[in-house]
Amino acid sequence: MNEQRVPYRVACYTLGCKVNGYESQAMLEQFERAGWTIVEADQAADVYLVNTCTVTQIAAHKSRQILNRIARLNPDALVVACGCYVDQKERQQEPLGGACGLIVTNREKPHIVQLVEARLDLPADEGRDFYISSSGAHTRAFLKVQDGCRQFCSYCIIPYVRGPLVSKPLEQAMQEARMLSESGCREIVLTGIHLSSYGRDLPEDIGLADLILALEAVEGLDRIRLGSLEVGLIDDAFIARVRDCRKLCPHFHLSLQSGCEKTLKAMNRRYTPDQFMEAVQRIRAAFPDAAITTDVITGFPGETDKDFEESLQFVHDVSFADLHVFPYSPREGTAAAQRKDQIDKSVKQERSSRMIELGAALQRQFGAAYSGKDVEVLTEEYDPEQDVWVGYTPNYLRVHVHGMIQRNQLIPVHIENVHQTNNGIYAEGFYDER
Ligand code: SF4
């Protein structure tokens, strides 16, 4: 047996969502606690983790490509494939279609160090907890509090690859938040595969509102931002409990997918456009500055021109602050992929372009309202090219700030202008030192 434990170098390449991002960081921290050295993905390493994604065909294709590229460039290293693309292939009992020396499923991620060290024939190492304790140099950190989804939206592969609901116990989430705060992080973003289900599997009768209220008490933490939410969560009781939370950011990503009732039903989404609008109104009544953002799919099987126009009109009526638009991409193994009434690629693209155009106009409208306003910004990084500090308002407006400032400061800023670029809008303003 090889007795050498360190120095061994590990690098990680991450694709996909914020949950994957959190898990990559948690895996790297585990390696670090076991004495490994963390290096960048483009540096020489003994082990490369590729945390894959399969949410769209493009993501799966990219995952395969990156596995192959890293294996080709590093023939002596161990390439470890993990993440949702891996789980999907395991479930379908298909080969990965990408080069790797070790496969680690989502459920095995908390044991990744032991699995890798066993594969390298290193002495056995005791298990370690799977969490992020440090925000590194970051002002804002993700805190994963939930995994799994049981909604089975007809287009989505995630419930098959992420498994049942698993929520992080409240005390453990608090403990992680405290560690992040002690490491300098002032904002946490609560993430999960289906965050709205938080607590359903825990023995205590608690939900997301309880978690938010508990996190309010974490010293040094100034902001709590929420990841993607489902409309069903936003009832009067939820709003009544969180409306006075001082640290909760008025930024709600409410997953819409379609504004057409017929399409929502075919997607197996569990709300109507009317119910969605009621949730939006509840949020706006309680949080007048709320930025409500969303995801929309265009060209779902069976979506007619009329259905699409309904969806477009609804998105306009809600007046979202920002949209993420996805042309429908069939995922093998889901109900929607088997439908015969698939939409032509060119029609999907054309509908996507129109939806993106509307999204840009709505974003412009949202930003324009901030010209001349005073806001609070948490500074995150310095941009030397423009000589500005970049940060965000509580409702996630990106702001470029002029003035003598440092990183990680919550400061008052007077907005002068709002600009639009191909990557979205940003505001420009001055640190108001009064
Ligand atoms: S709620 Fe629907 S879209 Fe979201 S992960 Fe679950 S099945 Fe997929």
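In which helix is Ser63 found? Ser63 is found in helix 2, which spans residues 57-73.

The model shown in these views is predicted, so that local features need pLDDT of at least 70 and side-chain atom pairs count only at pLDDT 80 or more, whereas totals for chains, interfaces and linings use all residues. Residues are numbered from 1 along each chain as its sequence is written, and side-chain values use heavy atoms, with hydrogens and water left out.

**View A. Surroundings of Ser63 in helix 2.** Helices (H or I, at least four residues) and strands (E, at least two) are DSSP runs numbered from the N terminus. Ser63 has a relative accessible area of 0% and is buried (under 20% relative accessible area, with exposed over 50% and partly exposed in between, for a 1.4 Å probe and protein chains only). Leaving aside neighbours within four places in sequence, Ser63 is in contact (heavy atoms within 4.5 Å) with Leu15, Thr52, Cys53 and Tyr85.

**View B. An open sheet of four strands and the helices packed on it.** The strand order is 7-6-8-9, with mixed pairing (two strands pair if DSSP finds at least two bridges between them). The edge strands, each pairing on one side only, are strand 7 (166-167) and strand 9 (223-226). Strand 6 (residues 140-147) and strand 7 run antiparallel and are joined by two bridges, and Ser167 in strand 7 is the bridge partner of Gln146. Helix 1 (residues 18-33) packs on the sheet, where it touches strand 6 and strand 8 (187-192), and its direction makes about 105° with that of strand 6. Helix 7 (residues 208-215) also packs on the sheet, touching strand 6, strand 8 and strand 9, and its direction makes about 160° with that of strand 8. Axes are lines fitted to C-alpha atoms, for helices over the stretch in contact, and angles run from 0 to 180 degrees between N-to-C directions.

**View C. Asn395 in the loop between strand 14 (388-392) and strand 15 (398-402).** Asn395 is buried, with a relative accessible area of 5%. The side chain of Asn395 reaches the backbone oxygen of Asp289 at 2.8 Å. Not counting residues up to four places away in sequence, Asn395 touches Arg225, Pro250, His251, Asp289, Ala291, Phe366 and Tyr370.

**View D. Buried residues of helix 10 (residues 273-286) and their cover.** Pro273, Phe276, Met277, Ala279, Val280, Ile283 and Ala286 are buried in helix 10. The elements covering these buried residues include helix 8 (236-242), strand 10 (251-253), helix 9 (261-266), strand 11 (291-298) and helix 11 (305-318).

Key: The expected span of a helix is 1.5 Å times one less than its number of residues. A polar contact is a pair of N or O atoms within 3.5 Å; within protein, one must be able to donate a hydrogen and the other to accept it, and residues adjacent in sequence count only if both atoms are side-chain atoms.
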